[in-house]
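Hi,

Here is the structure I promised to pass on. Have a look at it first, and then read my notes below on what turned up.

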Amino acid sequence: MTLLYVINTPTVYNRLRAELDAAAAAGAPSSPLKDAEAKRHPYLQAMLREGLRVFPGAASFFFKQVPIGGDTICGHYLPAGTQVGTNVLGILRSKKYWGEDADVFRPERWLGVSEARLEEMNFIFEVQFGFGRYKCLGRPLAFLELTKTLPELLRRFDFAVVNPPPPVKITNAGFFAMEGMWLRVTKRQHT
């Protein structure tokens, strides 16, 4: 879905391409992009985080069971055995954390913020991957795939959505099943 958000947001598409093209003109990036190189592309990093923020890989509630003896969360006592879930979509689209435009794909929200604010944003963002012993083991692989695949596709090809309204049919079953995302892909003409 991140690719679809990029394609449908011309300012993001153009800015990301400009960042990648500038690096290529300077002879900097390898193909595919190495992880260390990708980290030197701030807009690419912001776009990847924003893409996973507005459309996380999974949207189940990630239930955990309250241990023996119960627990108190936010001032509310929960007896042992109570199932507690986290609404990942609600957190990642909350105006409380992301501002009035929380439903908007806007990578710029990750740029030019204080270190403290960026740390807070990253912590909230990570809720989709879990914490501690429940942390998603596939997280590093997911970021590696996105970091290598999206820049490579955007460097080599032009994309256009074939059926704009709506461009894809999505079913949420705790994870997202998508069908019907038709794109016109053409080899990019480099200048």
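Before the notes, one term: a nonpolar core here is a set of buried Ala, Val, Leu, Ile, Met, Phe, Trp, Tyr and Cys residues joined through side-chain atoms within 4.5 Å. Also bear in mind that this is a predicted model.

Let's start with the cores. The largest one has 24 residues, and the members that touch the most others are Val 6, Leu 16, Leu 44, Met 47 and Leu 154. At least two residues each come from helix H1 (2-7), helix H2 (10-25), H4, helix H8 (139-156) and strand S5 (157-161). H4 has the largest share, with five residues. If you want a place to zoom in, try Val 6: setting aside neighbours within four places in sequence, Val 6 is in contact with Val 12, Tyr 13, Leu 16, Met 47, Phe 105 and Leu 154. There is also a second, separate core of 13 residues, with Ala 46, Met 121, Ile 124 and Phe 125 among them.

Next, a single residue. His 41 sits in the loop between helix H3 (35-38) and helix H4 (42-54). Is His 41 buried or exposed? Its relative accessibility is 8%, so His 41 counts as buried, the cut-off being under 20%. Not counting residues up to four places away in sequence, His 41 touches Glu 19, Ala 23 and Leu 33.

Then the hairpin. Strands S6 (residues 169-172) and S7 (residues 176-179) run antiparallel and are joined by four bridges. One pair to look for is Thr 171 with its bridge partner in S7, Ala 177. Three residues lie between the strands, and in this hairpin Gly 174 takes a positive phi near 90°.

Finally, the pockets. The largest has a volume of about 780 Å³. It is lined by 29 residues, and Phe 62, Val 127, Gln 128, Phe 129 and Gly 130 are the closest to its centre. H8 gives the most to this lining, four residues. By class, the lining of the largest pocket splits into 20 nonpolar, seven polar and two charged residues.

The second largest pocket has a volume of about 350 Å³. Of its 18 lining residues, Lys 39, Gln 45, Ala 46, Arg 49 and Phe 143 lie nearest the centre. H8 turns up here too, with the largest share of the lining at five residues. This lining has nine nonpolar, four polar and five charged residues.

Cheers

Technical notes
Residues numbered from 1 in each chain as written. Predicted model: local features only at pLDDT ≥ 70, side-chain atom pairs only at ≥ 80, totals over all residues. Heavy atoms only, no water. Buried < 20%, exposed > 50% of the residue type's maximum accessible area, 1.4 Å probe, protein only. Contact = heavy atoms within 4.5 Å. Pairing = 2+ DSSP bridges. 1 Å grid on protein atoms, 1.4 Å probe; cavity = no way out; pocket = protein on both sides within 12 Å on 5 of 7 lines; lining within 4 Å. Points joined across faces, edges and corners; volume = space filled by probe spheres on them. Nonpolar A, V, L, I, M, F, W, Y, C, P; charged D, E, K, R; others polar.
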